[in-house]
Amino acid sequence: MTSANSVPAVELGDQLSVSAIGFGAMALTPVYGEVDDTESLATLHRTVDLGVTFIDTANIYGNGNNEKLISKLLANRRDEVTLATKFGIVGNPADRAPGDLEARGDAAYVRQCIDDSLQRLQTDVVDLYYMHRRDRDVPIEETVGAMAELVSAGKVRHLGLSEVTADELRAAVAVHPIAAVQSEWSIWSRDVEQNVVPAAVELGVGFVPYSPLGRGFLTGTIRSAADLSPTDFRRKMPRYSGEALDANLAVVELVRSVATEQGATPAQVALAWLRYRADGLGLASVPIPGTRRAERVEENLGSLTVTLTPAHLDTLDAAAASVSGQRFADMGWVSGGRE
């Protein structure tokens, strides 16, 4: 399938069809510095114009302001957008020390969150509704059961889960079909390949990799330790400290070398590698790179035509194997730490 803009469509789980690349709207929040809503809205409109119609947000992004921003896009273009949002994280993760993140998954909270999100988004239905993080004090069957009630009520079309383990995914699918698992996955973050990805393949669940460009490594945000401010939440991640940062910046150079051979950009090569990896595993996968600039969206779309040779894939796999440092200081907050 292709869209009118010639962007291929990918079918995730539960017959949810989305554009082959999505847009991670968290980039349009102040987490990476100040933002201008007028510019952000222009980027969103251009994104949809280009055929990237799978837009991903969350109630926590900008404390709800990201959903309000997206409501302005939806006002006249709701039927063009496959809309994903999330619930479950309580408070602002950027304000907390490692280990202090909180999640809620009780049924009452699920019902409250969808109504609040629908109000901010100014729409009557969300196409894909994710549990953003697992509340380990609540059985996942209860959380997914409450989400399933939202499908029956017509407030949600499909269900998703973020950063769940293979066992949590299996338990969820037993309650209701799951369209997608969203977790970090990139050349720099491959822990999901051990358990969660094989479970998704087994269960017919799609995968939505976030931070597919390595959280700043391939966007020019991080070139050295000097690019990390003392208050930057990424300092809490081991991959950005000391020798680990140096090793991971060396990986960037290997990606650049393949990009030079291919006449592509490093970001395009990283996205292409992820596409090849998912295809090789038999997994329907749609990454959601985020950006503030429309030209980056065009660049990311260019990854769909990048061809990687076996030699290129060997080089990139070797680069991935040399990545140093975990992707979170508290790995219990993501699937890899609970498997």
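Student: Which strands does helix H4 lie across, and at about what angle does H4 run to S9?

Tutor: This is a predicted model, and H4 covers residues 140-152. The helix lies across S5, S8 and strand S9, the last of these being residues 156-162. Its direction relative to S9 is about 155 degrees.

Student: In what order do the strands of the open sheet come?

Tutor: Strands of a sheet pair through backbone hydrogen bonds, either parallel or antiparallel. Here the pairing is parallel, and seven strands take part. Neighbouring strands are turned against each other by 25 degrees on average, direction ignored. The order is S3-S4-S5-S8-S9-S10-S11.

Student: Which are the edge strands of this sheet?

Tutor: An edge strand here pairs on one side only. One of them covers residues 22-24 and the other residues 206-210. They are strand S3 and strand S11.

Student: Which residue in S8 is the bridge partner of Lys86?

Tutor: Strand S5 spans residues 82-87 and strand S8 spans residues 126-131. The two pair in the parallel sense over four bridges. For Lys86, the partner in S8 is Tyr130.

Student: And which residue in S10 is the bridge partner of Ser162?

Tutor: S9 and S10 pair in the parallel sense, with three bridges between them. S10 itself runs over residues 180-184. The partner of Ser162 is Gln182.

Student: How many of the residues of S10 are buried, and which of them point the same way as Glu184?

Tutor: S10 is mostly covered, with five of its five residues buried. Val181 and Ser183 point one way from the strand, and Glu184 points the other way. On the side of Glu184 are also Ala180 and Gln182.

Student: Why does Glu184 count as buried?

Tutor: Glu184 sits in strand S10. The cut-off for buried is under 20% relative accessible area. Glu184 counts as buried because its relative accessibility is 0%.

Student: Which residue has a side chain joined to that of Glu184 by a polar contact of 3.1 Å?

Tutor: Leaving aside neighbours within four places in sequence, Glu184 is in contact with several residues, among them Glu163, Tyr210, Arg215, Arg239 and Arg327. Ser189 is also one of the residues in contact with Glu184. The polar contact of 3.1 Å is between the side chains of Glu184 and Ser189.

Student: Glu163 is in contact with Glu184; where is Glu163 found, and what is its phi?

Tutor: Glu163 is in the loop between S9 and helix H5, which covers residues 166-173. At 0% relative accessibility, Glu163 counts as buried. Its phi is positive although the residue is other than glycine, with a value near 55 degrees.

Student: Asp14 also has a positive phi; is Asp14 buried, partly exposed or exposed?

Tutor: Asp14 lies in the loop between strand S1 (9-11) and strand S2 (17-19), and its phi is about 55 degrees. Buried would require under 20% relative accessible area and exposed over 50%. The relative accessibility of Asp14 is 29%, so Asp14 is partly exposed.

Student: What is the C-alpha to C-alpha distance between Pro139 and Ala171?

Tutor: Pro139 lies in the loop between S8 and H4. It is partly exposed, with a relative accessibility of 47%. Pro139 and Ala171 are 32 residues apart in sequence, and their C-alpha atoms are separated by 9.4 Å.

Student: Which helix gives the most to the largest nonpolar core?

Tutor: This core has 108 residues, and those touching the most other members include Leu44, Phe54, Trp188 and Leu308. The helix that gives the most supplies eight residues and covers residues 266-281. That is helix H8.

Student: Which residues is Leu44 in contact with, leaving aside neighbours within four places in sequence?

Tutor: Leu44 belongs to the largest nonpolar core. Its contacts, with those neighbours left aside, are Phe23, Leu28, Ile55, Leu69, Ile70 and Leu73.

Student: Which residues does Thr47 touch, not counting residues up to four places away?

Tutor: Thr47 lies in helix H1, residues 37-49. Its relative accessible area is 0%, so Thr47 is buried. The residues touched by Thr47 are Phe23, Val52, Ile55 and Val297.

Student: What percentage of the residues in the protein chain is buried?

Tutor: The chain contains 10 helices and 11 strands. It exposes about 13500 Å², of which carbon and sulfur atoms supply 47%. Of its 339 residues, the buried part is 56%.

Methods. Residues are numbered from 1 along each chain as its sequence is written. This is a predicted model: local features need pLDDT of at least 70, side-chain atom pairs count only at pLDDT 80 or more; totals for chains, interfaces and linings use all residues. Side-chain values use heavy atoms; hydrogens and water are left out. A nonpolar core is a set of buried Ala, Val, Leu, Ile, Met, Phe, Trp, Tyr and Cys residues joined through side-chain atoms within 4.5 Å. Buried means under 20% relative accessible area, exposed over 50%, partly exposed in between (1.4 Å probe, protein chains only). Contact means heavy atoms within 4.5 Å. Two strands pair if DSSP finds at least two bridges between them. Axes are lines fitted to C-alpha atoms, for helices over the stretch in contact, and angles run from 0 to 180 degrees between N-to-C directions. A polar contact is a pair of N or O atoms within 3.5 Å; within protein, one must be able to donate a hydrogen and the other to accept it, and residues adjacent in sequence count only if both atoms are side-chain atoms. Accessible areas come from the Shrake-Rupley method with a 1.4 Å probe; for residues, only the protein chains shown count as cover.
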